[in-house]
Structure formats: structure tokens, C-alpha cells
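Please find below my notes on this model, arranged as numbered points. They begin with one aromatic residue and then move outwards to the sheets, the helices and the chain as a whole.

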Amino acid sequence: MPLPPAPTKRAARVAKEAFNVTADTSKRAAAAKPPVIDLDEDLPSTVATTIAAEPAASAAPARSRNKTSGSASAATTAAAKQLAQQRAAAQASIKQSPAVKPAPAVTAATMPVATATPVPTAAVAPATPSQPTKGKTKAATTHKKRTQQSCLFVLDTNVLLHDPTSLFRFEEHDIFLPMVVLEELDAHKRGMTEVARNGRQVSRTLDALVDAQQDADLATGLRLDASGHKGATGHLFFQTVPLDYKLPSSLPQGKADNQILGVVQALRAVKLGQQEVILVSKDINMRVKARALGLPAEDYRNDKTLEDGDLLYTGSLALPADFWKKAKQVESWQDRGKTLYSFTSPLSGQMLVNQYVYFEAPGEPSLHARVAEIRDKTVVLETLRDYSSAKHNVWGVNARNREQNFALNLLMDPNVDFVSLTGTAGTGKTLMALAAGLAQVLDDRRYTEIIMTRATVSVGEDIGFLPGTEEEKMGPWMGALDDNLEFLAKGDGGNPGEWGRAATNELIRSRIKIKSMNFMRGRTFLNKYVIIDEAQNLTPKQMKTLITRAGPGTKIICMGNLAQIDTPYLTEGSSGLTFAVDRFKGWAHGGHIQLARGERSRLADFASEVL
């Protein structure tokens with residue numbers, strides 16, 4: 001019996017004989033020995049195409065509405081539904097049957113059936129995009145789990161020599177020390193330099209950790225909190241066995257830095273999937289080489305007080321124009337010739353003790369005051385002495401701007417023991433500190449003498465050893481002192497006070513002592529006015545050494561420009577001056593002011609901005 005013609009777009013136009021053929025085929029398939037119904041055997045291609053396209057069963061009557069009768073349309077719909085049910089049953093039986101006979105060979109007329117049969121594949125296709133989604137979720141979970149685990153930090157030698165306590169700065173993370181690091185520590189421990197002292201301190205720290213855990217195995221790690229540092233909960237590991245690594249031939253194998261890179265590479269292979277291995281080094285070139293080799297490397301950041309120098313405490317705060325409107329419970333009273341204000345404000349949380357605030361609004365009286373006290377949300381402000389007026393000058397020096405007035409109030413306050421001044425070149429830091437010191441030593445006799453010191457760090461090449469005594473050796477470093485004393489001795493209008501008028505250069509210099517920082521260890525200053533110039537070149541350890549020399553009745557003034565750091569390995573964030581400003585802010589007996597405008601000359605002011 002010949003097959004019907006090939007199907008066209010109008011799949012519903014099927015001859016009546018086709019359904020008879022389908023019925024006969026169904027009977028033969030049911031009577032066949034295998035229980036599997038082969039829909040393609042003796043099946044007209046027109047009907048097969050209709051079955052393959054699921055919407056064809058419901059769309060067939062709509063298409064043949066104009067050219068077929070209602071009975072033919074109903075018969076076509078019923079036949080299509082029956083064949084669809086048979087097809088579903090056949091697919092279910094195929095999945096359950098372990099062995100299926102191969103389909104008989106088809107003729108050219110049945111080829112469209114093979115093209116239309118991949119319906120199950122289309123049904124599975126939507127599941128393909130879901131696989132990357134699962135993988136992404138798993139990766140995100142793994143990353144989250146990795147960040148919660150402790151990391152293994154491999155420390156370079158320069159980190160230990162820079163900060164001897166760096167072993168206890170990594171909190172819950174573990175630390176690994178390669179054998180070459182211990183060799184370099186042994187080579188740097190000899191001498192009287194700062195690096196040698198740090199190397200010896202690290203060696204003593206390692207010895208204390210080993211002695212505290214004598215029964216522990218070095219291969220399993222030493223607890224970092226065994227020596228009393230409760231903040232460090234990780235473990236310290238030493239390199240006890242050789243590690244296999246392969247570095248590029250262009251890197252010399254005998255260099256210590258390259259050996260440390262090889263240790264990091266080997267540890268990452270051993271700890272793969274278990275723990276993140278990261279190199280920590282102060283050497284910029286070594287970090288660049290590590291990243292070129294695909295190894296993670298970071299700088300040691302625990303020595304930095306601030307990441308950004310712009311976040312440094314300025315010591316002053318501008319009050320908004322609607323400050324008094326929002327202030328509540330405002331009270332005022334007089335005490336010792338000064339006016340005090342008490343209030344509660346939304347800005348109370350931003351204020352600190354000894355911080356200077358100013359209110360300047362058009363059409364309203366200005367206010368310059370100091371935060372004298374903070375009780376919960378209540379702030380007490382105290383008005384200032386106006387040192388910009390001629391009757392309130394300090395050794396012939398008047399304040400030329402708002403910040404200089406704040407600084408002179410701090411320098412002349414006997415209740416403030418520590419003052420720090422920062423600012424660009426020519427803002428008057430040294431001149432104001434020296435004038436306030438002379439006024440309180442010679443006029444008020446509040447202090448016995450002025451002690452001045454500075455870090456002996458040269459801008460360019462060193463000129464060699466200097467002859468003479470300690471003061472004679474420090475003479476060339478104290479050019480700023482000589483320049484300011486020359487200005488103060490001339491008077492610029494006359495020095496006020498009995499002692500000031502009678503003072504000569506010899507008398508002034510007799511009250512000023514120049515000391516070297518190298519001999520400060522163990523000293524105690526009683527009733528001294530100590531000026532530390534160029535303090536931006538000091539390390540935090542040196543700053544601590546100098547400040548702790550203060551005895552009863554001593555006042556310490558730290559001055560510097562953070563933009564002019566000459567000490568190697570020091571930045572604005574790790575400078576001792578930044579360290580002191582950040583630690584002393586909010587203390588009732590300390591204060592800080594950042595001077596904003598230069599007053600030396602218009603040339604110096606313009607040069608500091610454009611150069």
C-alpha cells in the first residue's frame with residue numbers, strides 16, 4: 001500500500017485513509033511479540049509530523065476550519081489525541097524496558113519523522129543553564145568558607161626587623177618562617193643600630209615561644225598566645241624539611257629573596273584547597289616578583305596608623321550655620337574672665353576634649369572656643385584668648401590667622417602637657433613654639449629652660465662627621481632655631497615684659513639647650529619646655545622614647561610637616577608624628593592643631609602649593 005504524500009505546513013489536512021492505516025498499524029503493534037509500540041512502523045509521515053509538534057493537536061481544527069467539515073475536524077482531533085497517548089505510553093515503556101529492538105529501516109518518505117523526533121532533547125535543554133548556576137553557588141560558598149578560615153602568612157625578614165612584635169599582629173592566622181629568614185636574622189643581630197636591636201628582640205621572642213612549649217613538636221606549630229599575647233590565636237611554623245619548588249632560571253637560586261619565593265610556591269602546592277598562603281614583605285620589588293610568579297603578596301600594614309593622611313585629626317571643627325538653632329539646653333556663665341557655654345547637639349558625638357571649634361556666619365557674631373568638657377551628650381565650650389590683638393602677643397608674636405590663634409592658646413595653657421603642630425612650610429610652627437617657650441621661661445618662669453632636639457636626617461648626601469661637643473655637632477641641624485631667635489631678638493616692635501626687654505642673645509641662649517636624641521635614653525626632664533622639631537622623621541618607637549622622658553611639670557611640643565619625610569621606609573601613615581597625634585587626641589591634657597595657611601612669605605606660600 002503506498003504511503004500518503006509528504007507533509008506540508010498544513011499538517012491538519014490528513015486523508016481519511018491515513019487514520020485507517022494508523023488504526024491497522026496500532027492493532028498489528030499490539031499483536032506483535034515485543035510489548036514496545038513502534039510508532040514509526042508503517043506510520044504515515046503526515047501523522048508522525050503531527051504527533052511530533054505538540055501544538056498541532058490543538059491547532060489542527062483551527063487550521064482546517066475553512067476547508068474541512070466539522071466531523072472531519074473532530075475526527076482529526078480525536079485521532080491526534082489517541083496517538084499522543086500511545087506515544088506517551090511508548091516512551092514510558094522504552095524507559096522501563098532494558099532492551100529495545102532497533103527500529104526498522106525507513107524510506108525516504110519517512111525522513112521528516114527522524115527530523116521531528118528529538119523532542120526529548122528539547123525537553124532536557126532547559127536544564128543546561130542550571131548547571132553553571134549550581135557551580136557558581138558552590139564557588140561562592142567555597143570562597144565564603146575560605147575567607148572564614150585562617151591564612152598562612154610567610155613573613156619576610158624585613159617585616160621582623162621593621163616591627164619585632166609583628167609575630168603577634170596577625171590575630172587568628174598562622175605564620176610560617178622559612179629557614180633562610182632565621183639565617184638573615186642571625187646576620188643582622190650584631191651591632192648597635194635599630195635594625196640590630198630589632199633582630200635581637202625577635203630572636204628573644206622566638207626563644208621564649210620555644211621555651212614555653214618545650215614538649216610541642218615544631219612540625220605541628222607553636223601557639224602564639226603561649227607567651228602571654230592573647231590577641232594572637234594562630235600558630236607559628238618553622239621550616240623543618242626541605243621543600244621542592246621550581247623557579248624560573250632567570251632568578252638566582254642563591255639569593256635569599258628568591259628562596260623565600262620558592263618556599264611560598266611550595267607551600268601553596270602543599271596547602272592547596274586547605275589554607276591560603278600569602279607572602280608578607282616590606283620589599284616592594286619582592287612583592288612585584290611574587291605577583292609576576294602568580295604568588296599573592298601583601299605589604300605589612302600593622303605599622304600604619306592611618307591608610308590615608310587626609311584622615312588625620314586636625315584639632316579643629318567648623319560649626320554649621322544652623323548650629324545654635326539645633327542646639328538644645330543652652331546655658332552660659334562667666335568663670336575667671338571667660339565665657340562658657342553648655343548645650344546638647346547632634347554634633348556632640350563628633351567633638352573631643354581640647355578640640356577647637358569655630359562658628360563663622362554672615363550677619364552673626366563669630367565664636368572661637370575650646371571643648372573644655374564632655375558629659376554624655378552635653379558639651380561645655382570655653383572661649384579663647386585672642387592672641388591676634390596687640391595686647392595679647394606672645395614675646396612680640398601675634399597670631400595672623402585662626403589656626404595660629406588656636407595653637408598659641410594650646411602652647412600657653414599650663415594644663416596642656418603635650419602639644420602637636422602640623423602644617424606646611426612657613427606656617428609658623430617653630431616660631432610660635434619658641435616664642436611661647438621664651439615667654440613661659442623668662443617672663444612667667446613656669447619652666448626652668450627650653451630643650452630643643454630634632455631627628456638628624458639630612459635631605460641630601462651626608463657631609464660626614466662634625467667636630468666639637470654635642471651642642472656644636474647639633475649646631476648645623478639647628479639652623480631653624482638660629483633664624484627664629486634672630487627674629488625674636490630684634491623684637492619686631494619690641495619685646496614685652498621686664499625680662500624680655502632686658503634679655504640679650506646671650507641670655508636667651510643660656511636658657512636654650514640643644515640635645516641629641518641619641519643620648520635621651522634613661523633621662524628625666526623636670527620642669528622643662530621640650531621642643532621636638534622635624535618630628536615627622538621619627539619612628540613610633542623613637543617618639544615613645546622621647547615623650548616618656550617627661551617628668552613632673554614638663555611640657556612637650558612636637559612639630560613637623562608630614563609632606564617632608566626624609567627617613568627611608570617611613571610614610572605619612574607610619575610616621576611617629578602621625579602615631580602621636582592619633583593616640584593623644586581626646587586626652588584632657590593634650591592637644592593638636594593643623595596649621596593651614598603659610599605666613600612666611602608669598603613666595604614660600606605659593607611654592608608649597610605648586611611644587
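**Notes on the predicted model**

1. Phe343 counts as buried, since its relative accessibility is 0%, where buried stands for under 20% relative accessible area, exposed for over 50% and partly exposed for what lies in between, computed with a 1.4 Å probe on protein chains only. Its ring partner Trp324 counts as partly exposed because its relative accessibility is 29%.

2. On provenance, this is a predicted model, in which local features need pLDDT of at least 70 and side-chain atom pairs count only at pLDDT 80 or more, while totals for chains, interfaces and linings use all residues. Residues are numbered from 1 along each chain as its sequence is written, and side-chain values use heavy atoms, with hydrogens and water left out.

3. The count of aromatic pairs comes to 11, a pair being two rings of Phe, Tyr or Trp (for Trp the six-membered ring) whose centres lie within 6.5 Å, with planes under 30 degrees apart called stacked, over 60 edge-to-face and the rest tilted. Trp324 and Phe343 form an edge-to-face pair, at 6.2 Å centre to centre and with 70 degrees between the planes. Trp324 belongs to helix α13 (residues 323-326) and Phe343 to strand β9, so this pair ties together parts that are 19 residues apart in sequence. Ring pairs also link Phe323, Trp324, Tyr341 and Phe343 into a cluster.

4. Helices and strands are DSSP runs numbered from the N terminus, helices being H or I of at least four residues and strands E of at least two; the protein has 22 helices and 18 strands. An open sheet is formed by 6 strands in the order β7-β10-β11-β12-β9-β8, with mixed pairing, where two strands pair if DSSP finds at least two bridges between them. Its edge strands are β7 (316-318) and β8 (328-335), each of which pairs on one side only. Neighbouring strands of this sheet are turned by 30 degrees against each other on average, direction ignored; for all angles with directions, axes are lines fitted to C-alpha atoms, for helices over the stretch in contact, and the angles run from 0 to 180 degrees between N-to-C directions.

5. Within this mixed sheet, β8 is joined by 6 bridges to strand β9 (residues 338-344), and the two run antiparallel. Gln334 stands opposite Thr339 in β9. Helix α14 (residues 402-411) packs on the sheet and touches β7, β10 (356-359) and β11 (367-375), its direction making about 145 degrees with that of β10; touching here means a contact, that is, heavy atoms within 4.5 Å.

6. Arg375 is placed in strand β11 and is partly exposed, with a relative accessible area of 42%. From C-alpha to C-alpha, Arg375 and Thr344 are 9.7 Å apart in space, while 31 residues separate them in sequence.

7. A second group of 6 strands forms an open sheet in the order β15-β14-β16-β17-β13-β18, here with parallel pairing. At its edges stand β15 (512-514) and β18 (590-595), each with a single partner strand, so one side of each is left without a neighbour in the sheet. The twist averages 15 degrees from one strand to the next. Strand β13 (residues 418-423) is joined to β18 by 6 bridges, and these two run parallel, with Val419 standing opposite Gly591 in β18.

8. Helix α14 lies across β13, β16 (528-533), β17 (555-560) and β18, and it runs at about 155 degrees to β18. Helix α15 packs on the sheet as well, touching β13, β14 (449-454), β15, β16, β17 and β18, with its direction at about 170 degrees to that of β16.

9. What does the side chain of Gln440 reach? Gln440 lies in helix α15 (residues 429-443) and is buried, with a relative accessible area of 0%; its side chain reaches the backbone oxygen of Leu411 at 2.9 Å. Not counting residues up to four places away in sequence, Gln440 touches Leu411, Met412, Arg445, Arg446, Tyr447 and Tyr529.

10. The count of disulfides is 0, with a disulfide taken as a pair of cysteine sulfur atoms within 2.5 Å. Cys151 is buried at 11% relative accessible area, and Cys558 is buried at 0%.

11. For the protein overall, buried residues make up 40% of the 611 residues. Among contacts between residues at least 6 apart in sequence, 67% join residues at least 24 apart.

Methods: A polar contact is a pair of N or O atoms within 3.5 Å; within protein, one must be able to donate a hydrogen and the other to accept it, and residues adjacent in sequence count only if both atoms are side-chain atoms.
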